Amino acid sequence: MEKEKLKFHIYNTMTKQKEVFEPRVDGKVGMYVCGVTAYDLSHIGHARAYVAFDVLYRYLKYLGYEVVYVRNFTDVDDKIIRRANEIGEDSKALSSRFCEEFLNDMNDLQCLLPTYQPRVTDHMEQIKEMIDQIISNGCAYAIEGDVYFSVDKSPNYGILSGRRLGDNRAGERVAVDDRKRNPADFALWKAAKAGEPFWDSPWGPGRPGWHIECSAMSAHYLTHAFDIHGGGMDLIFPHHENEIAQSCAACSESKISYWMHNGFVTANDEKMSKSLGNFFTIREVTKLYHPLALRHFLLGTHYRSPVNYSISQIEISSDAVFYLYQTLHDCEVSLSTFKDATEAPGKEIRLIPAAENHIKKLHDEFESKLSDDLHTPTILNSSLQEALRFMNSSVTDMRKKKQQQKSIAKSFVALHKEVRQVLDVLGLLSRLSYAEVLQQLNEKALIRAGLAESDILGFIEERAEARKNGEFTKSDQIRTDLAAKGIALMDIGKETIWRPCVATQQQEQ
């Protein structure tokens, strides 16, 4: 399937349907994704959003587009100020610290760096200019140092969410204030309070409201009209609804072609929240599981669907990533052994038909499914798995079928290249070697099991001694006990090796 002939369909929240993606400027894409409010470590709900939009970014680049990707940091906000006061830290220092922690998490999850990562505190002039324009256009008003957007002046308010004006309830990031003309009016600028950071403005010292920052920064980097605006479904209302209202009030030419939103994350089928004790940071998950396992888990559900986080599911993804990298490692080792067979001059070597079929199926399914609103689960669970199984069987064939070694080796190279291309766009291809990733996966498994590798080697010796003495019940129990902790013992010839596996106690649960 030729890239220039591919039609990329994405679901547009504005129109409530899938549409063929057509950029405003041929060959170029402008994309803005709402970033984090930097006051704490990021949770797996954040991971869900930014992995989803990272795949979008990667696939647009794969299709040949020149992409300008903007993802902001909110580094001044009520939550930041409150947290800073609680722990006695300067609010700017606290937000800066958690911006860096977020970037560390994104790096672990292999999310590419956006083109721009603007921070609110660096764009006060653009924010004040936009507020001033909205006031000049008669859509906002100042009261005692505060500036409010007048929702009554926005005839299309509710166009994105479908919600009515009265749904914008006071108290839900909409301040309760008797001075407002309409209870649903929201703050563009907040007058300074004692002990809070502030900036000078025509309306007095203060700081911006939450919604205006994204309108101002997206317009600054992408102009008032651009292609894609993304974020979590929780941002549709009121945040994105308010963005549309204030952006259109500032500039009548404001227009975003496609609104994209990712689904929520639940934990063990319950809404994730700190009060329920089922709230997980990215760091808590990656302490026990490889970041690629978390990314694989998130890609295993379509980005618009809710995803349920559970230990059993992350265990399955961890096992899948191990199988993936073990297969690629075995392939690499086999190819190094038969390198001469793939590079020797002479008669043209043809790919074996089965390999050609797997390459074509993987390539076609990869492009067709990602072009259908980024349908990643089908790729992970269908043609990619078939290709990996074929690669595993080919390792054995290459050793046994001497006359076909050159064809098998060449087929291996071609299929290996196609698999790597798919993994790269999905963000599952590590910057490290296959062996290094496998070692990291082993180390995480040892942490989960509460064991050192020397402990496992001791159990292997104990099991071997038990088998030698005919104590098969004891040897089986050693294997069973380790499997319960996620450690599989594998007898290969006269040698016993270990590898991570899905803990049997998790399978039972």
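Which residues of α11 are buried? The legends below take up this point and several other close-up views of a predicted model.

**Figure 1. Overview of the predicted model.** The protein contains 18 helices and 15 strands. Its C-alpha trace extends over about 85 × 55 × 35 Å along the principal axes. Of its 509 residues, 53% count as buried.

**Figure 2. Helix α11, residues 353-370.** The buried residues of α11 are Ala355, Ile359, Leu362, His363, Glu365, Phe366, Glu367 and Leu370. The helix has 18 residues, so at 1.5 Å a residue a span of 26 Å is expected, and the distance of 26 Å between its end C-alpha atoms agrees with this.

**Figure 3. Glu418 in helix α14 and its contact with His363.** Helix α14 covers residues 405-426 and includes Glu418. Glu418 is buried but has no salt bridge. Its nearest side chain of opposite charge belongs to Lys417, at 7.7 Å. The side chain of Glu418 does make a polar contact of 3.1 Å with that of His363, and His363 is one of the buried residues of α11. The 22 residues of α14 reach 31 Å from first to last C-alpha, close to the 32 Å expected at 1.5 Å a residue. Gly427 follows α14 and has a positive phi, near 75°.

**Figure 4. Salt bridge between Glu386 and Lys361.** The two side chains meet at 2.8 Å, N to O. Glu386 belongs to helix α13 (residues 383-400) and Lys361 to helix α11, and the pair links distant parts of the chain, 25 residues apart. Glu386 counts as partly exposed because its relative accessibility is 23%. Lys361, with a relative accessible area of 35%, is also partly exposed.

**Figure 5. Salt bridge between Arg207 and Asp78.** The closest N and O atoms of this pair are 2.4 Å apart. The salt bridge links distant parts of the chain, with Arg207 in strand β8 (residues 206-208) and Asp78 in helix α2 (residues 78-87), 129 residues apart. Arg207 has a relative accessibility of 5% and therefore counts as buried. Asp78 is partly exposed, at 29% relative accessible area.

**Figure 6. Salt bridge between Arg119 and Glu100.** The side chains meet at 3.4 Å, N to O. Arg119 lies in the loop between α3 (91-108) and α4 (124-136), while Glu100 is in helix α3, 19 residues apart. With 19% relative accessibility, Arg119 falls under the 20% limit and so counts as buried. Glu100 is partly exposed, with a relative accessible area of 39%.

**Figure 7. A network of salt bridges.** Asp54, Arg58, Arg295 and Asp424 are linked in this network. The salt-bridge count for the model comes to 25.

**Figure 8. Nonpolar surface patch at Met490, Ile492 and Ile497.** These residues make a patch of about 230 Å². Ile492 lies in strand β14, residues 487-492. Its relative accessibility is 48%, so Ile492 counts as partly exposed.

**Figure 9. Arg499 in strand β15 and Val67 in strand β4.** Strand β15 covers residues 495-500 and holds Arg499, which is buried at 18% relative accessible area. From Arg499 to Val395 the C-alpha distance is 19 Å, with their positions 104 residues apart in sequence. Strand β4 covers residues 66-71 and holds Val67, which is buried at 11% relative accessible area. Val67 and Asp476 are 409 residues apart in sequence and 56 Å apart in space, C-alpha to C-alpha.

Notes: Residues are numbered from 1 along each chain as its sequence is written. This is a predicted model: local features need pLDDT of at least 70, side-chain atom pairs count only at pLDDT 80 or more; totals for chains, interfaces and linings use all residues. Side-chain values use heavy atoms; hydrogens and water are left out. Helices (H or I, at least four residues) and strands (E, at least two) are DSSP runs, numbered from the N terminus. The expected span of a helix is 1.5 Å times one less than its number of residues. Buried means under 20% relative accessible area, exposed over 50%, partly exposed in between (1.4 Å probe, protein chains only). Patches are made of residues with over 30% relative accessible area and no salt bridge: like charges are joined within 9 Å, nonpolar side chains (Val, Leu, Ile, Met, Phe, Trp, Tyr) within 5 Å. Accessible areas come from the Shrake-Rupley method with a 1.4 Å probe; for residues, only the protein chains shown count as cover. A salt bridge is a side-chain nitrogen of Lys or Arg within 4 Å of a carboxyl oxygen of Asp or Glu. Lys and Arg count as positive and Asp and Glu as negative; His and the chain ends are not counted. A polar contact is a pair of N or O atoms within 3.5 Å; within protein, one must be able to donate a hydrogen and the other to accept it, and residues adjacent in sequence count only if both atoms are side-chain atoms.
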